[in-house]
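Please open the structure in your viewer and keep the selection panel at hand. We will go from stop to stop, and each one tells you what to select.

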Amino acid sequence: MKIKLSNKEIGGLLNRAAQQLDRSTLDELRTARQHALKNQRVESAIWVSRNGLLHGQLQLSQRALNWIIVGVVASLLVINLTYWERTYEHDHSDIDIAILTDDLPVDMFVD
Amino acid sequence: MPALLRNCLIALFFAAACLPISAHAKPWETLNTQQKEALAPLSGTWNSLSEQQQANFLSYAQRYPKLNAQQQQRLHSRLEAWSKLTPEQRKRAREKYKAYRKLPAEKREAVKKMVREQQQAASGIPPASPAQ
C-alpha cells in the first residue's frame, strides 16, 4: 500500500524528526544545508516564445553562468579582433609611399 | 538587480564596445583640393573603393606635399595599379621591399643597374657604355 504525502506533510514529518536528533547530527545537517545552498543551481527560463513552440530551461549554478558569460565575451573579442585583422590593413603609408616613389618599379615587388 | 541580469548587461556592454567601428566612405567630391591633387589618378575609381582603401590612400595624400616633384610623378604613375592589388599582394610587396632595403648599398645599386638595363633592353635603347 502506497502512502502519498504532500511536500508540506513531508516537511512537517521532517521537522518533528529533526527535533529528536542529537546536537552533532543537527550541526552536520546544518553544514550540509549551507553547503548545498552555496552550490545551489539557479533555474532560469532562457527561451520562452509567445506561441510556446520554443521553450527551454537551463539549470546552471551562478558560477557556471558567470563562466559562460566570460566565454561569450572572450569569443566576441576574438571574433572582433580577427575581423579587424582580416578586414582592415594597418597603416602602412610610410612603406607604401616608399615603394611607390622608389627608383625601382613596383612590379619588382609584386608577385 | 539580479546578478544574472547584471552580468548579461556587462557582457553586452563589452560586446558593443568591441564591435568594429566602420568608417564612412567619402565621395570624391568631398575631398579637399590637396587630397584631390594627390589622389588624382584615383578620381575615376575612388567612389568604388572600400572605406579602408580610401582611408589608406588619404594617409598617402597627407604625405604627398612633402615629396619632391619626381616622387610625386612616380606616385601618380603607380597609384592606380597599386590600388588594384589585393591586400595580400600589397602585404607581400611590403615584405619584399623591406628585405630589399636591408640589402647592403652596393647590392641595391647592382639590382637597380640590372633593372635599368632590362628596361632599356625592353625599350630598344642600347645600354649606356661605362665611362672610360
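Here is a short tour, from the overall view down to single contacts.

**Before you start.** This is a predicted model, in which local features need pLDDT of at least 70 and side-chain atom pairs count only at pLDDT 80 or more, while totals for chains, interfaces and linings use all residues. Residues are numbered from 1 along each chain as its sequence is written, and chains are lettered from A and ligands numbered from 1 in the order in which they are written.

**Stop 1: chain B, coloured by confidence.** The model scores ipTM 0.74 and pTM 0.53. For chain B, the mean pLDDT (the predictor's confidence in each residue, from 0 to 100) is 83, with 77% of residues at 70 or more. Among the elements of chain B, helix α1 (residues 3–18) has the lowest mean, 65, and helix α2 (residues 33–38) the highest, 94. Where pLDDT is low, the predicted coordinates should not be read in detail.

**Stop 2: chain B as a cartoon.** You should find six helices and zero strands; both are DSSP runs numbered from the N terminus, helices being H or I with at least four residues and strands E with at least two. Of the 132 residues in chain B, 11% are buried, meaning that 20 or more other C-beta atoms, placed from the backbone, lie within 10 Å of the residue's own.

**Stop 3: residues 7–19 of chain A.** This is helix α1 of chain A. None of the 13 residues of α1(A) is buried, so the helix lies largely in the open.

**Stop 4: the largest nonpolar core.** Select Ile99(A), Leu100(A), Leu39(B), Leu42(B), Phe57(B) and Leu79(B), which touch the most other members of this 13-residue core. A nonpolar core is a set of buried Ala, Val, Leu, Ile, Met, Phe, Trp, Tyr and Cys residues joined through C-beta atoms within 7 Å. Helix α4 (93–101) of chain A and helices α3 (51–63) and α4 (69–83) of chain B each supply at least two of its residues, and α4(B) gives the most, with three.

**Stop 5: across the chains.** Now show α4(A) with helix α5 (residues 87–101) of chain B. How are α4(A) and α5(B) oriented to each other? Their packing angle is about 75°, with the axes 10 Å apart; axes are lines fitted to C-alpha atoms over the stretch in contact, and angles run from 0 to 180 degrees between N-to-C directions. The two helices, α4(A) and α5(B), are therefore roughly perpendicular, a label for angles of 65 to 115 degrees.

How values were computed
Buried ≥ 20, exposed ≤ 12 C-beta atoms within 10 Å, placed from the backbone. Expected span 1.5 Å × (residues − 1). Parallel < 35°, antiparallel > 145°, perpendicular 65-115°, else oblique.
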